[in-house]
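Here is a short report on a protein and DNA model. Keep the sequence and the 3D view open as you read.

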Number of protein chains: 2
Amino acid sequence: MIKDLFNCEHGQRMTGDDRRKQILQTAVHLFSTHGFSGTTTRKIAEAAGVSEAMVFKHFSTKEDLYGAILHEKACEEGSHRFPWDSNEPLKEAIKNKDDFGVFYHIALHAMNKQQADVGFMRLMFFSALEDHDLAERFFTEFVSKVYDFIGGYVAERQKDGVMREINPRVVVRAFIGMILHHSLNNILWDKKQTLLKITNEEAAKNFAEIILHGVSINDPAN
Amino acid sequence: MIKDLFNCEHGQRMTGDDRRKQILQTAVHLFSTHGFSGTTTRKIAEAAGVSEAMVFKHFSTKEDLYGAILHEKACEEGSHRFPWDSNEPLKEAIKNKDDFGVFYHIALHAMNKQQADVGFMRLMFFSALEDHDLAERFFTEFVSKVYDFIGGYVAERQKDGVMREINPRVVVRAFIGMILHHSLNNILWDKKQTLLKITNEEAAKNFAEIILHGVSINDPAN
DNA sequence: GGCTCCTAAGTGAGTACTTACTTACCGAAT
DNA sequence: ATTCGGTAAGTAAGTACTCACTTAGGAGCC
């Protein structure tokens, strides 16, 4: 495999596997920019530089192609695993019960990832709105685990007596809300950052501080 | 005009105005559930109980019909004005510089409104993803004003010496993030509330507390 | 009340084009 | 010579949109 990812000038002959991957990749881009019903098999074929028949040789229906994307994206997502498995500074912070570090690195990791794969985010939203099941699967297989993990951390720190009494899942909702909202602005609503122009690092720092002070035991009686 | 809103059994004759409104209403529902390209003029006509020709008598193109919806929704939104103009408890809280009251009532107002008009929210997201301009207009005409207002309030309270030094717009981003994330879960991803089942009142209370403690001057030096 | 007229609500059956998907066939490489 | 990547040219059903035409029902008259 000396050929680096699809060395094609369009129209070149490829192995079935390569072509399949290339069609898939092309389809991801189109589905993520125009949604399922806004994307035609013709456009996918054109963009991939093959005839429509080739698309249907590899994927028996349009729905099937969409399903393959969801599967691939889900696996890819699965292989990256959870941030607390792969992100070293985060693992370190967790071990040391460095609360700021934990929240900071979770936020930074999430925002960087979300904004690096805009296609995935758009696919997720389209899928949720159009009621395909990527969103649902991503939700049960990833998001709920995130709630468990962060919620668990908060509960632990409550037992340690450094965080005040509050439903840990509300804390997670608030925290993920900040992160997601920031990413959504940057990739969807306010790409030019007219409302707020800060780096993900700054955002992560501020969000971590807000949530930390927000749930700290130190109650500023007023 | 004794007839209350479209007193029709389907197939009855209506005035042009009533029929126009009815088609529009039907179209809002369909566009908000299936998006622009996922909704056909045929389905709209069927759902409204008229022939397709009637749809095109009232709206010269499908794009035109979509535009009319955006316009209507924008105006409707405009007439409700901003929460700080119409929500009495909020106005009261602002006057008294009751910080908790301010954040609590903004959050509650927003979440109730968002979850009451799911169609509008879905339309907004479809519009943003499909790159129509409702989202953009809503953004510049509403969201940016919200940033100005809440950001302004925070800045004022910083001058008063009760909130710590932090970019007020970051506070707004964090706070709106919590609110929006909660609504999105309730209307899109987690309708059954398996992750977190709390009332909007509880959520508003918790979010307000988190943001308040989060930006309070009272620094719990860890 | 009944009668006519006329506007405007409403339609059936189209048009030109696009959609997802199929079939019959080609030619390069193993 | 057979396999397999690839295509041209289909099909049937759908798409947005049009047009020639039909009818309901109110205004005005008797």
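A polar contact is a pair of N or O atoms within 3.5 Å; within protein, one must be able to donate a hydrogen and the other to accept it, and residues adjacent in sequence count only if both atoms are side-chain atoms. One such pair joins Ser51(A) to DNA strand D: a polar backbone atom of Ser51(A) is 2.9 Å from a phosphate oxygen of the strand.

## About the model

This is a predicted model, in which local features need pLDDT of at least 70, side-chain atom pairs count only at pLDDT 80 or more, and totals for chains, interfaces and linings use all residues. Residues are numbered from 1 along each chain as its sequence is written, chains are lettered from A and ligands numbered from 1 in the order in which they are written, and side-chain values use heavy atoms, with hydrogens and water left out.

## Chain A

Chain A has 11 helices and 0 strands. Helices (H or I, at least four residues) and strands (E, at least two) are DSSP runs, numbered from the N terminus. The C-alpha trace of chain A spans about 70 × 35 × 30 Å along its principal axes.

Of the 222 residues in chain A, 54% are buried. Buried means under 20% relative accessible area, exposed over 50%, and partly exposed in between (1.4 Å probe, protein chains only). Contact means heavy atoms within 4.5 Å. Take the contacts in chain A between residues at least 6 apart in sequence: 65% of them join residues at least 24 apart.

## DNA strand D

A residue is near a strand if one of its heavy atoms lies within 4 Å of it. There are 21 residues around DNA strand D, and Met14(A), Arg19(A), Ser51(A), Thr41(B) and Lys62(B) come nearest. Thr41(B) has a polar side-chain atom 2.8 Å from a phosphate oxygen of this strand. Arg13(B) meets a base instead: an N or O atom in its side chain is 3.0 Å from a base nitrogen of DNA strand D.

Which elements give two or more residues to the surface near DNA strand D? They are helix 1 (16–34) and helix 3 of chain A, with helix 2 (41–48) and helix 3 of chain B.

## DNA strand C

Around DNA strand C there are 20 residues, and Thr40(A), Thr41(A), Lys62(A), Arg13(B) and Ser51(B) come nearest. Sugar and phosphate supply 54% of the strand's atoms within 4 Å of the protein. Two backbones reach phosphate oxygens of DNA strand C: a polar backbone atom of Lys62(A) at 2.7 Å, and a backbone N or O atom of Met14(B) at 2.9 Å. The side chain of Arg13(B) places an N or O atom 2.6 Å from a base nitrogen of DNA strand C.

## The nonpolar core

A nonpolar core is a set of buried Ala, Val, Leu, Ile, Met, Phe, Trp, Tyr and Cys residues joined through side-chain atoms within 4.5 Å. The largest one has 147 residues. Phe103(A) and Phe103(B) are among those with the most contacts inside it. Leaving aside neighbours within four places in sequence, Phe103(B) is in contact with residues including Ile150(B), Met163(B) and Phe175(B).

## A histidine in a loop

His132(B) sits in the loop between helix 8 (118–129) and helix 9 (134–159) of chain B. Is His132(B) buried or exposed? It counts as buried, because its relative accessibility is 19%. The side chains of His132(B) and Glu63(B) are joined by a polar contact of 3.1 Å. Not counting residues up to four places away in sequence, His132(B) also touches Phe36(B), Tyr66(B) and Ser127(B).
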